[in-house]
Amino acid sequence: MAVLFISDLHLSASRPEINRVFFEFLRGAARSAQRLYILGDLFEYWAGDDDLGEPFNASVVGALAECSRGGPSLHVMHGNRDFLLGADFAAACNARLIGDPHSLDLFGTRTLLMHGDTLCTDDVDYQRFRAEVRTPAWRKEFLSLPLALRKEKIGALRERSEKEKRSKAPEIMDVNRGAVETMLREHGYPRLIHGHTHRPARHQHRVDGRTCERWVLPDWYESGGVLVCDEKGYRTQKP
Ligand code: MN
């Protein structure tokens, strides 16, 4: 039975085409998998678990719950867009929230899972912002604001980040090779799977004389994609 990895779906009510692809994937290919890992940015944004009742969010959570019923176990990692996903979300779709990084044994190969944003260390401004918003204090304070105000603030942040992205050099928004190698070394040279950069690829890193493989997951802006892992190895396929 296969283990599937997806990330960077950026689901929102404004992209019905890809939502349809995702719902079909949950009813189809995902159903027969053993485990489904969502490595961050499932949603375009998440304002807090008190937004679970919003119709689009409810439809996604319902589809995930339906998929996991008699289907694969669901494992969800926070992305930079949906790091406010909490225990109520996880309970509603019968998923387990996993930390970043998360390591596991995958058919005998030690494998490290990450969203990928922490590897983009050249983007100093982003790392500063990330450090600020990922503290328990920030989270608590932000979640205490009224939902409508949180959505407003998130909208403004997204606009700012889109503007900043246009002025940043593309290589700044990719992973830093040194950061990748440090991670591989610290975790015993595992295989690494991450998303976030929207640059799907299979890379090889030579670290301390060892060869490590790094898989970068595709985003779901156009067609989407799934990394499939089973006894035979790894391959990417369309959802
Ligand atoms: Mn991301």
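**Strand pairing, metal site and largest pocket**

Strands β7 and β9 run parallel and are joined by three bridges. The model described here is predicted. Within this pairing, His194 has Val216 of β9 as its bridge partner. Strand β9 spans residues 210-216. Five of its seven residues are buried, so β9 is largely enclosed by the rest of the structure.

Strand β9 also pairs with β8. These two strands run antiparallel and are joined by seven bridges. Arg206 stands opposite Thr211 of β9. The two strands form a hairpin with two residues between them. In this hairpin, Asp208 takes a positive phi near 50°.

On its other pairing, β7 meets β6. Four bridges join β6 to β7, and the two run parallel. Thr111 has Arg191 of β7 as its bridge partner. Strand β6 pairs with β5 as well. Strand β5 covers residues 102-106, and five bridges join it to β6 in the antiparallel sense. His102 is partnered by Leu113 of β6. Ser103 stands opposite Leu112 in β6. A hairpin is formed by β5 and β6, again with two residues between the strands. Phe107 lies in the turn and has a positive phi of about 50°.

A further set of strands forms an open sheet. Six strands contribute, in the order β4-β3-β2-β1-β10-β11, and their pairing is mixed. The edges are β4 (95-98) and β11 (233-237), each of which pairs on one side only. Neighbouring strands of this sheet are turned by 20° against each other on average, direction ignored. Strand β1 (residues 3-6) pairs with β10 (residues 226-230) over three bridges, in the antiparallel sense. Phe5 stands opposite Leu227 in β10. Helix α1 (residues 16-27) packs on the sheet. The helix touches β1, β2 (35-39) and β10, and its direction makes about 170° with that of β1.

The metal site holds a manganese ion. Its coordination comes from Asp41 (OD), Asn80 (OD1), His115 (NE2) and His196 (ND1), at 2.1 to 2.3 Å. Along the chain, the donors follow the spacing D-x38-N-x34-H-x80-H. His115 lies in the loop between β6 (109-114) and α4 (124-133). His196 lies in the loop between β7 (191-194) and β8 (201-207). The two histidines are 81 residues apart in sequence, so the pair ties together distant parts of the chain, in the sense of that separation. Both side chains belong to residues classed as buried. For His115 the relative accessible area is 0%. For His196 the value is 17%, which counts as buried because the cut-off is under 20%.

Asn80 links the metal site to the largest pocket. This residue is a donor to the manganese ion and is also one of the lining residues closest to the pocket centre. The largest pocket encloses about 850 Å³ of space. Its lining comprises 35 residues. The closest to the centre are Asn80, Arg81, Tyr126, Ser161 and Lys165. Helices α4, α5 (136-143) and α6 (147-167) each supply at least two residues of the lining. Among the contributors, α6 gives the most, with seven residues.

Ser144 sits in the loop between α5 and α6. With a relative accessibility of 57%, Ser144 counts as exposed, because the threshold is over 50%. Ser144 and Leu52 are 92 residues apart in sequence. In space, their C-alpha atoms are 16 Å apart.

Methods: Residues numbered from 1 in each chain as written. Predicted model: local features only at pLDDT ≥ 70, side-chain atom pairs only at ≥ 80, totals over all residues. Heavy atoms only, no water. Pairing = 2+ DSSP bridges. Axes fitted to C-alpha atoms, helices over the stretch in contact; angles between N-to-C directions. Contact = heavy atoms within 4.5 Å. Donors = N, O, S within 2.8 Å, 3.2 Å for Na, K, Ca; no water. Buried < 20%, exposed > 50% of the residue type's maximum accessible area, 1.4 Å probe, protein only. 1 Å grid on protein atoms, 1.4 Å probe; cavity = no way out; pocket = protein on both sides within 12 Å on 5 of 7 lines; lining within 4 Å. Points joined across faces, edges and corners; volume = space filled by probe spheres on them.
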